[in-house]
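User: Please take a close look at a single part of this structure, and then set that part in the context of the rest. I would like each term spelled out as you go.

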Amino acid sequence: MIKLVGLNKYYYLGKTPLHVLKDVDLEIGSGELVSIMGSSGSGKSTLLNILGILDSYQSGEYYLDNHLVKDLSQRKAAKYRNQFLGFIFQSFNLLNYKTAVENVALPLYYQGVPRKKRNALAMEYLEKVNLLDRAEHLPSELSGGQQQRVAIARALIANPKVILADEPTGALDSETSNEVMNLFRMVNKEGITVVIVTHENEIAAQTDRLIRLRDGVIDHHVVQNQTSG
Amino acid sequence: MFELDNWQEIFATISKNKLRTFLTGFAVAWGIFMLIILLGSGNGIENGVREDFKDDAVNSLWFYGGTTSLPYNGIKEGRDIRFHNDDFEYIKEQIEGTEYITNRRNIWNAATSFKNETGRYMMRCTTPEHVELEGSIMDEGRFVNEDDVTHSRKVIVIGKQVRNDLFKDGNALGEFINVMGIMFKVVGVFSDEGSEREERIMYIPISTGQTVFGWSGRTRLDNILLTVGDASLVETSYIAWQINNYFARKYNFDPEDRRAIYIRNNVENFQKVSSMFQNIRYFIWCIGIGTILAGIVGISNIMMIVVKERTREIGIRKALGATPFSIVSLILTEAIFITSIAGYIGLLLGVSLLEFLSNNLEGVDMFKNPQVDFKIAIGSTLMLIFFGILGGFVPAQRAASIEPVIALREE
C-alpha cells in the first residue's frame, strides 16, 4: 500500500539545510496497523506528513497504492488526499463553526456528493463512533475524546485506503485514548491501513508493527501482535 | 461554482462569522455611500448655480449709472452719471453686434391694489425686448409691445406672484389695477425660471413710466441691457469697451474710470463660473477617486486578515481533499457576495439621502437636484468590488497553494 524508496527530506531554515529524513526505505502493506515512534525531532511527524501528501520531499520515491507521489499538481494531490487518505490530528482540526455532522460530511463536499446524501452518510459514521446524539453540536461543545471521534468519523467517511494519525491520543486521557484505539482497531479490521505516530508505548503496543525512527533513519522494526495482521 | 451546494457552504460561513462579514460590508457600504453623497452634492451646487444663471440671459451686458471716481478735464470726481433715452437710441443704432437691447427705469415698492387686495411690488418701466433678456415666460396675455411704448399706454404686465396676491383664482387679464394712484390695465402675466423673486415684479412701458410718474427731464434711464448673440468673450468685451467710450465722451469722464458707470458682463461671469465648476468637478473626482482607493485598500486589508485568519481552515480543507481552486473560489465568492450586497446598500442609502435632500431643499438657493449619474455610481461600485477582490485574491491564492502542513501550523 505504501512504499518509500531512498526518501530524503530537508528543511531550509538557516544557511545549512536540516536533513530530517535520511534515505528512508519503508513498506507498509495493505491492512496493516502500524505505529511510528521516536523522540521529538526524529522526523516521525515529517514522515507522516509526507505519507499524507501534506508535505513535499526532495529525493527518493513514494508510492501510494502503486501511484508515484512526487511533484504532484495541486489538483492531483487534492484528489489523492480525498480518495486514498484520512487524517487524524492531535489537535483534532475540526472547523469550529461547523457542527459535528457538517464536519464529518466535509470530505464528501469535495467529492461533489449532494448535501442530503452526504449528511445522511455523515450520520451513519457518527453512529459508528457512537456520537449520533451530538450530531448538531459545535466542536466547542464537545469533549476532547468526542472531538477526536468526530475527526475519526470525518477521516473514514470518504472510505480511504489509509488512515494517518498524528499523535491521535496526545491530548486525551488514558480512558478516552483506549476508546480511540479501539476505534482504530475496528477500522483496521475492516481492511483499512492505519499508520499512527505516537510517543506513548501503550498505544504503540496495540499495533501490529512498530517502526522506530532515530535522527531521520529507521532504527528498527518490531513485529508484534502477528495475529491481527 | 454557482451550484446551490457551494452557496450553502458560503452562507454557512457568512452567517457564522458575523463580525467579519459586518466589517467587510461596512467598509464597502461606507465608501460607496460617501462617494454618492460627494458626487451628488457637487452636482447639487452646480445645478443650483446654473439655475441662478437661468434668471438672466447668459450672453448679456448690463450698464448701470455710477459716480465718477477720477477727476477728468478739470472736473472733480464724485459726479453722478445717469443714462438717457438718446443713449439708448445711440447704442441701438450705432453699436454693432447687439442682438436684443432694452432699458429700465425702476420704481421700488410701488403701492398696488385691486379691489380690497393691496401689495407693494417692484415696478420696472421698460421696452418690449426686455422679455428676451430676462427670460420671462408669458403665462397669460402678452408682454409690453412697441405700440404700448409709442402711445405711452397705461398697460401693465405682472408676475405670477403678484397675480396670485391680487386676483387669487380670479381672472386678471383686462382688469385694471391701481399703482400709486394711477389705473393700469393688466395685459399679461409671466413666470420666471430663475427665482420667485422675479415673479413679484411688474412691467409697464418705459414711455408711460417716464411721462406718468413725471421724473425730471422725463428721459432718464436706470439701466441699459443688451445681449450679444453668440459673440465670444473678446467680441463681447469689445462691445462693452465701445459703449464705455461712448459714455465717457458724452458725459465727459475718464474712460479708465471704473466707477463712472458699472458694466456687468454676464458672458465673462458665466465663463468664470463655468471654469470654476470645471475645477470643482476635477476636485470632486480627485476626492472620489481617493475615496475609492481608500475603499479598495480597506477591502484588500480585510481580505488579507480574513485569509490569514482562515489559513488553518484552508490547511484542514486541503487535507480533506480541497483543491486550491475550490478554496480561492470559496473565499472570493464569499467576498464578492458580501461586497456586492454592501455596495448595493451603500448605493441605496446614498441615493435615498440625495433624494430626500432634493425633495426637502426646494427653497434653498445654490443647491438644487443633488443627483448622481447612475452609471457612474454603479461603475464605481463595481470598480470598488473588483479591485477590492483583486487585493484579496493574491493572499487567497498564496494561502491556497502553500503546503497544507504549513497552513496547519498556523494558529
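Analyst: A residue is called buried when its relative accessible area is under 20%, exposed when that area is over 50%, and partly exposed in between, with a 1.4 Å probe and protein chains only. The model is a predicted one, in which local features need pLDDT of at least 70 and side-chain atom pairs count only at pLDDT 80 or more, while totals for chains, interfaces and linings use all residues, and side-chain values rest on heavy atoms, with hydrogens and water left out. Residues are numbered from 1 along each chain as its sequence is written, whereas chains are lettered from A and ligands numbered from 1 in the order in which they are written.

The part chosen here is helix H8 of chain B, residues 233-251. Helices (H or I, at least four residues) and strands (E, at least two) are DSSP runs, numbered from the N terminus. The 19 residues of H8(B) reach 27 Å from the first C-alpha to the last, close to the 27 Å expected at 1.5 Å a residue, where the expected span is 1.5 Å times one less than the number of residues.

The buried residues of H8(B) include B:Ile239, B:Ala240, B:Ile243, B:Tyr246, B:Phe247 and B:Tyr251, and B:Thr236, B:Asn244 and B:Asn245 are also among them. These buried residues pack against strand E1 (60-65), strand E2 (83-84), helix H3 (85-94), strand E11 (223-227), strand E12 (261-265) and helix H9 (266-309) of chain B, a contact being heavy atoms within 4.5 Å.

Just after H8(B) comes B:Asn252, which sits in the loop between H8 and E12 of chain B. B:Asn252 has a positive phi of about 60 degrees although it is not a glycine, and at 27% relative accessibility it counts as partly exposed. Most residues other than glycine have a negative phi. In chain A, A:Asn159 also has a positive phi, near 55 degrees, and lies in the loop between helix H5 (144-157) and strand E7 (162-166). Because its relative accessibility is 55%, A:Asn159 counts as exposed.

As for the setting of the helix, chain B has 13 helices and twelve strands, and buried residues make up 50% of its 411 residues. Among contacts in chain B between residues at least 6 apart in sequence, 76% join residues at least 24 apart. Chain A has seven helices and ten strands, and 55% of its 229 residues count as buried.

The largest nonpolar core, a set of buried Ala, Val, Leu, Ile, Met, Phe, Trp, Tyr and Cys residues joined through side-chain atoms within 4.5 Å, has 74 residues, and A:Tyr62, A:Leu64 and A:Val195 have the most contacts inside it. Apart from that core lies another, of 57 residues, among them B:Phe63, B:Met123, B:Leu166 and B:Phe167.

Between the chains, the contact takes 28 residues from chain A and 27 residues from chain B. The area buried there is about 2500 Å², with carbon and sulfur atoms giving 54%; buried area is the accessible area (1.4 Å probe) that two parts lose on being put together, summed over both. In chain A, A:Gln74, A:Tyr97 and A:Tyr110 lose the most area to chain B, together 29% of what that side buries. The count of salt bridges between the chains is zero, a salt bridge being a side-chain nitrogen of Lys or Arg within 4 Å of a carboxyl oxygen of Asp or Glu.
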